[in-house]
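This report looks at side-chain pairing in one protein chain, beginning with aromatic rings and moving on to charged groups. The overall fold and surface follow at the end.

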Amino acid sequence: MSATAENLPATATAAPVEERVRARVITDDPLYRAIPVALRFAPAEPLAVRIVFPADLSPEGTDNEWVFPRALLEAGLQAPTGTGDVRVWPCGRVQAVVEFHSPEGVAVVQFDIAALRRFLRRTYAATATR
């Protein structure tokens, strides 16, 4: 007997979620640099989200992908959250900051909260039971 979409869990048949957004890299320079960023979610990994930065920002010339808990992103829209490689906090009413720590240094990136909330809503819809 083969498995069909009707008797597989919703997470096995749900499509991945991807949201393309513009973010701002925060530096000491008063002018910020806007960059395209991909927010990704795979229903097969329902607890994780991915933020993918374009290859031209990487010294290796490859996409730079960060994977971290979806709950961290969601909580960070309300209050400062995180103590490890990824930290998130609200910045005013319409912006959120995501700070990425690596051995090479720290990157501070600002997002529109509306874009992050829209992405999170889509991730929860993708994993809703049918």
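## Aromatic pairs in the interior

In this predicted model, Phe53 has a relative accessibility of 7% and therefore counts as buried, since the cut-off for that class is under 20%. Phe100, at 2% relative accessibility, is buried as well. The structure holds 2 aromatic pairs. In one of them Phe53 and Phe100 are arranged edge-to-face, with 5.2 Å between the ring centres and 85° between the planes. Because Phe53 belongs to strand S3 and Phe100 to strand S6, this pair ties together parts that are 47 residues apart in sequence.

Trp66 and Phe100 form an aromatic pair that is tilted, at 5.0 Å centre to centre and 50° between the planes. Trp66 lies in strand S4 and Phe100 in strand S6, so this pair ties together parts that are 34 residues apart in sequence. Both Trp66 and Phe100 are buried, and Phe53, Trp66 and Phe100 form one aromatic cluster.

## Salt bridges around Arg50

What is the count of salt bridges in this model? The count comes to 8, among them a bridge between Glu45 and Arg50, in which the closest N and O atoms are 2.6 Å apart. Glu45 has a relative accessible area of 36%, and because partly exposed covers the range between 20% and 50%, Glu45 falls in that class.

Arg50 also meets the side chain of Glu65 in a salt bridge, with an N to O distance of 2.7 Å. Since Glu65 lies in strand S4 (residues 64-69) and Arg50 in strand S3 (residues 48-53), the pair ties together parts that are 15 residues apart in sequence. Glu65, at 39% relative accessibility, counts as partly exposed.

## Further charged contacts

The side chains of Glu99 and Arg87 meet in a salt bridge with an N to O distance of 3.9 Å, a value that is within the 4 Å cut-off. This pair links distant parts of the chain, with Glu99 in strand S6 (residues 95-102) and Arg87 in strand S5 (residues 86-91), 12 residues apart. Is Glu99 buried or exposed? With a relative accessible area of 14%, Glu99 is buried, whereas Arg87, with a relative accessible area of 27%, is partly exposed.

Glu18, Arg20 and Arg40 are joined into one network by salt bridges that share partners. A charged group also meets an aromatic ring in this model: Arg70 lies over the face of Tyr124, at 3.8 Å from the ring centre.

## Fold, contacts and surface

The strands named above belong to a protein with 3 helices and 7 strands, which follow one another along the sequence in the pattern α-β-β-β-β-α-β-β-β-α. Among the contacts in the protein with a separation of 6 or more, 35% are accounted for by residues 24 or more positions apart.

Of the 130 residues of the protein, 36% count as buried, and Phe53, Phe100 and Glu99 have that status. The protein exposes about 7,900 Å², of which carbon and sulfur atoms supply 55%.

Notes: Residues are numbered from 1 along each chain as its sequence is written. This is a predicted model: local features need pLDDT of at least 70, side-chain atom pairs count only at pLDDT 80 or more; totals for chains, interfaces and linings use all residues. Side-chain values use heavy atoms; hydrogens and water are left out. Buried means under 20% relative accessible area, exposed over 50%, partly exposed in between (1.4 Å probe, protein chains only). Helices (H or I, at least four residues) and strands (E, at least two) are DSSP runs, numbered from the N terminus. Contact means heavy atoms within 4.5 Å. Accessible areas come from the Shrake-Rupley method with a 1.4 Å probe; for residues, only the protein chains shown count as cover. Rings of Phe, Tyr and Trp (its six-membered ring) pair if their centres lie within 6.5 Å; planes under 30 degrees apart count as stacked, over 60 as edge-to-face and the rest as tilted. A charge sits over a ring if NZ of Lys or CZ of Arg is within 6 Å of the ring centre and within 35 degrees of the ring normal.
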